[in-house]
There are 2 protein chains.
Amino acid sequence: MTEAAISAALARYVTDSQWHDVPAPVQHQASRATLNWLGCALGGCRDETVNRLWDAVRDFAGPPQATLLGRAEKADALTAALINAVSSNVLDFDDTHIATVIHPTAVVASALLALAECRRVSGQEFLHALALGIEATCRIGNAVGLAHYEKGWYITSTCGVFGAAIAAGKVLGLDAQQMNGALGIAATSASGLRMMLGSMTKCYNLGNAAKSGLSAALMAAKGFTGSARALEAPRGFLSVLAEDADGPAVTRGLGQRWEMLDVAYKPYPCGVVIHAVIDACLDLRVLHAINAAQVTRVEAMVNPLTIMLCKNPAPRDGLESKLSIAHSVAAALTDGAAGVAQYLDERVSDPALVALRKKVVLCEDPAIGKEQARVNITLADGSRHELSVEHARGSGGRPLSDAELISKFRGLASGVLSPARIDAALAVWQSLETCADVGELARAAA
Amino acid sequence: MTEAAISAALARYVTDSQWHDVPAPVQHQASRATLNWLGCALGGCRDETVNRLWDAVRDFAGPPQATLLGRAEKADALTAALINAVSSNVLDFDDTHIATVIHPTAVVASALLALAECRRVSGQEFLHALALGIEATCRIGNAVGLAHYEKGWYITSTCGVFGAAIAAGKVLGLDAQQMNGALGIAATSASGLRMMLGSMTKCYNLGNAAKSGLSAALMAAKGFTGSARALEAPRGFLSVLAEDADGPAVTRGLGQRWEMLDVAYKPYPCGVVIHAVIDACLDLRVLHAINAAQVTRVEAMVNPLTIMLCKNPAPRDGLESKLSIAHSVAAALTDGAAGVAQYLDERVSDPALVALRKKVVLCEDPAIGKEQARVNITLADGSRHELSVEHARGSGGRPLSDAELISKFRGLASGVLSPARIDAALAVWQSLETCADVGELARAAA
């Protein structure tokens, strides 16, 4: 625990930051994050999780200020932040900060765009606030470290609430003291248990964080006071929710090194630590013309974290299958794909996949990185095929291109928006930096 | 950590419970808790903390379903739960479960009454659900124990969210499985840092818990799924937010022993652990006709927890003064009272009180209980007067009578409601058990 004024320094940095201080690659990354997030929200907006949540809260929602992405209804900005964060995470297709396994944009962008629809916010202001919010989320995640996650916290929501507060506070024009207060309110709102993975409540964690972070900024703007040392105080967030947190990591090299550049976009809608295994299976299947019916054994050698998170050998539904290496292997080898369709309930209960899942053996090896995997497949004729993946598709070592992101967006939006509206939304996105009102993006995705 | 299905057992007990299963003293306690809570909400409803919070969220509030107690406005039930919980706690005058220092009713009753205004709930149903919600809050508090509080959690909100979910779930008619799901959603919403004591955000913790608990019940009613073992799972609430939690304490003797009977009502609007010291000062002042100007030294011997929470020798404002033994001593000796007026900003900055606070010396003694104190006053003439308090007024050993509670209610309501309306509200309260619609109580307090 440090005595330095971490919260105040972070607040001051954020309020002082100018768009031209943000390096071009970070600016570009904010734009990519926006597109990926919007696509995920459209792809997920009709999920049963979203329907039930909206059904539970709609009678209590305020005036129709903000778009529920992909839906006909509108809601007050706090409710829209809640719903859109859930929509954009429910497919497990949103972005990931590799070092912390945080999915930052769902929380931050959902709070920010909902607020932006209540007041005129330019595309540039939006991208700037988004970058700052994501950066803060990932940095606080670095500070609490993997021990926080291992203890049982759902790091995306516990850290994301700060990012949402910062992004919203930035466009609200909070001064440094107010921003510091917003961090205090966010700290005392931080919640989310990792054990909810595999149930609807996992996504609710993100929605709750988006709404709480936005609330924190709104409250701070009205002079609501919180602790000014919420992160670093002896009984502050870093001490209470983490063991041996690296507090200075929050502000170390702030403005110089950008964690946001290490945010990756998923090619597959499942746990990011499974992706290298899927790459290997898809490639082996093509390289050796493998027929899944002939597979007798699949050995997947992965990082220990991958095993910890995704060892479930027999997922019972689509939700659980997204955190199952065995299911991902079975589906990839059978279908030659690992898209939204491969993680639906009906696919999970397919007898052929159930049988193939039982042939998957997991081995952990700390020498294998989280973006890496080695897969060895044995066929009925006794032949064996092995492939090592050094950098999973979509990972830092092999990022998705802009074209791949646009293609992903089109795929996700296709069931929800007409082709003309998809083109219109992409057109708004492509000129986002010069757009006078980012609300246009939300309305294009309604 | 235990393997027993604590969450499921708690959910089943709550859903099975009938009003006639609740012992008469507990029924009566639920009624007393309601009156004390309502008075506190009326007394606090015009506090700047409430004004700023309402100012921040009013533009986002939904339809006027539920009363903001003591105010002219209405809001959707979730927002009303938020605001009313803050109103009822802001004076630090609400009730306390002595063993855990939880203030249960502000969270539970605020969620419950707001929901009751959206659907017809009888007075008996209200009292029943309130008793169950308070009981669950205190029992979960016992399970996490003092270590949870010492670690830095604000136990009233972290445990209160469960009570709010249970109370709301009970009147929503959740079945045992849905109730279990509501506990899961509540667990992942549990938040609140103790370091916020002394800032506006302390009260926000309670509001957030009331709103989140109500949300959890509403979501569970719509089939939103959470973990069924949210309390006891290896990475569940009891493990993540506490060290060595006594899980079985949640359900041990459930329905036999009622923690709710150990909920106390405050005669003074400040930290409950200071009350015995105030009793001693007020009594010494009268017994020895003490003139505060003649006091040269005050020794207060108290429980170590009292020191830990309330050692602040120089509070800067009313909020901080509520957790200052020194200020309470100075005000009680000077004014012969410790009411709302003694904890206002202007009283805290009074030079005479500032001077007297500096003469207060604190000594901790583990042999002195939390409801006890020994105070020794030295006067300018060298005389010394000592008094030991065995049971503070309002504590378990010396509970406030119904008449004292009614008097406290009248005092708190007097600045907000007309005398006729105060009488009307008391009349509704006095026949609450036979009242067909508890919403009458809310409307009487509008």
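How many residues does the contact take from chain A and from chain B? That opens the notes below; please keep in mind throughout that this is a predicted model.

1. **The contact between the chains.** To settle the opening question, 47 residues come from chain A and 47 residues from chain B. On the chain A side, the helices that each supply at least two residues are helix 3 (48-57), helix 4 (77-89), helix 8 (176-189), helix 9 (201-221) and helix 10 (237-240). Helix 9 of chain A gives the most to that side, with 7 residues. Sorted by class, the side of chain A that touches chain B holds 23 nonpolar, 17 polar and 7 charged residues.

2. **Chain A as a whole.** You will find 19 helices and 8 strands in chain A. Its radius of gyration is 21 Å, close to the 22 Å that the globule rule gives for 446 residues, so chain A is as compact as a globular protein of that length. The C-alpha trace of chain A spans about 70 × 50 × 40 Å along its principal axes. Of the 446 residues in chain A, 63% count as buried. If you are thinking about contact order, take the contacts in chain A between residues at least 6 apart in sequence: 78% of them join residues at least 24 apart.

3. **Helices 7 and 9 of chain B.** These two pack at an angle of about 40 degrees, and their axes are 7 Å apart. The crossing of helix 7 of chain B and helix 9 of chain B is right-handed. From helix 7 of chain B the contact draws on residues including Gly160(B), Val161(B), Ala164(B), Ala168(B) and Leu172(B). Helix 9 of chain B answers with residues among them Ala209(B), Gly213(B), Ala216(B), Ala217(B) and Ala220(B). The class split for this contact is 14 nonpolar, 9 polar and no charged residues.

4. **Ile155(B), in helix 7.** Is Ile155(B) buried or exposed? It is buried, because 27 other C-beta atoms lie within 10 Å, and the cut-off for buried is 20 or more. Ile155(B) sits in helix 7 (residues 155-172) of chain B. Setting aside neighbours within four places in sequence, Ile155(B) is in contact with Thr100(B), Val101(B), Ile102(B), Gly141(B), Val144(B), His148(B) and Tyr149(B). Should you want a distance to check, Ile155(B) and Asn51(B) are 25 Å apart in space, C-alpha to C-alpha, and 104 residues apart in sequence.

5. **Helices 11 and 14 of chain B.** Helix 11 (residues 275-287) and helix 14 (residues 325-335) of chain B pack at an angle of about 25 degrees, with their axes 9 Å apart. That angle makes helix 11 of chain B roughly parallel to helix 14 of chain B, because angles under 35 degrees count as roughly parallel. Helix 11 of chain B passes helix 14 of chain B in a right-handed crossing. On one side stand Val277(B), Ile278(B), Cys281(B), Leu282(B) and Arg285(B) of helix 11, and they meet Ile325(B), Ser328(B), Val329(B), Ala332(B) and Leu333(B) of helix 14. By class, this contact has 8 nonpolar, 1 polar and 1 charged residues.

6. **Helices 2 and 5 of chain B.** The axes of helix 2 (residues 24-44) and helix 5 (residues 104-116) of chain B come within 10 Å and cross at roughly 90 degrees. Helix 2 of chain B and helix 5 of chain B are therefore roughly perpendicular to each other. Ala33(B), Thr34(B), Asn36(B) and Trp37(B) of helix 2 make the contact with Thr105(B), Ala106(B) and Ala109(B) of helix 5. The residues of this contact divide into 4 nonpolar, 3 polar and no charged.

7. **Two backbone angles to look at.** Most residues other than glycine have a negative phi. Val101(A) is not a glycine, yet it has a positive phi of about 60 degrees. Val101(A) belongs to the loop between strand 3 (96-97) and helix 5 (104-116) of chain A, and it is partly exposed, with 18 other C-beta atoms within 10 Å. Asp244(B), also not a glycine, has a positive phi of about 50 degrees. You can locate Asp244(B) in the loop between helix 10 (237-240) and strand 4 (263-264) of chain B. Asp244(B) is exposed, with 11 other C-beta atoms within 10 Å.

Definitions and conventions
Residues are numbered from 1 along each chain as its sequence is written. Chains are lettered from A and ligands numbered from 1 in the order in which they are written. This is a predicted model: local features need pLDDT of at least 70, side-chain atom pairs count only at pLDDT 80 or more; totals for chains, interfaces and linings use all residues. Two residues are in contact if their C-beta atoms, placed from the backbone, lie within 7 Å. Helices (H or I, at least four residues) and strands (E, at least two) are DSSP runs, numbered from the N terminus. Ala, Val, Leu, Ile, Met, Phe, Trp, Tyr, Cys and Pro count as nonpolar, Asp, Glu, Lys and Arg as charged, and the others, Gly among them, as polar. Axes are lines fitted to C-alpha atoms, for helices over the stretch in contact, and angles run from 0 to 180 degrees between N-to-C directions. Angles under 35 degrees count as roughly parallel, over 145 as roughly antiparallel, 65 to 115 as roughly perpendicular and the rest as oblique. A crossing is left-handed if the near helix is turned anticlockwise from the far one by less than a right angle, and right-handed if clockwise. The radius of gyration is taken over C-alpha atoms; the globule rule is 2.2 Å times the number of residues to the power 0.38. A residue is buried if 20 or more other C-beta atoms lie within 10 Å of its own, exposed if 12 or fewer, and partly exposed in between; C-beta atoms are placed from the backbone.
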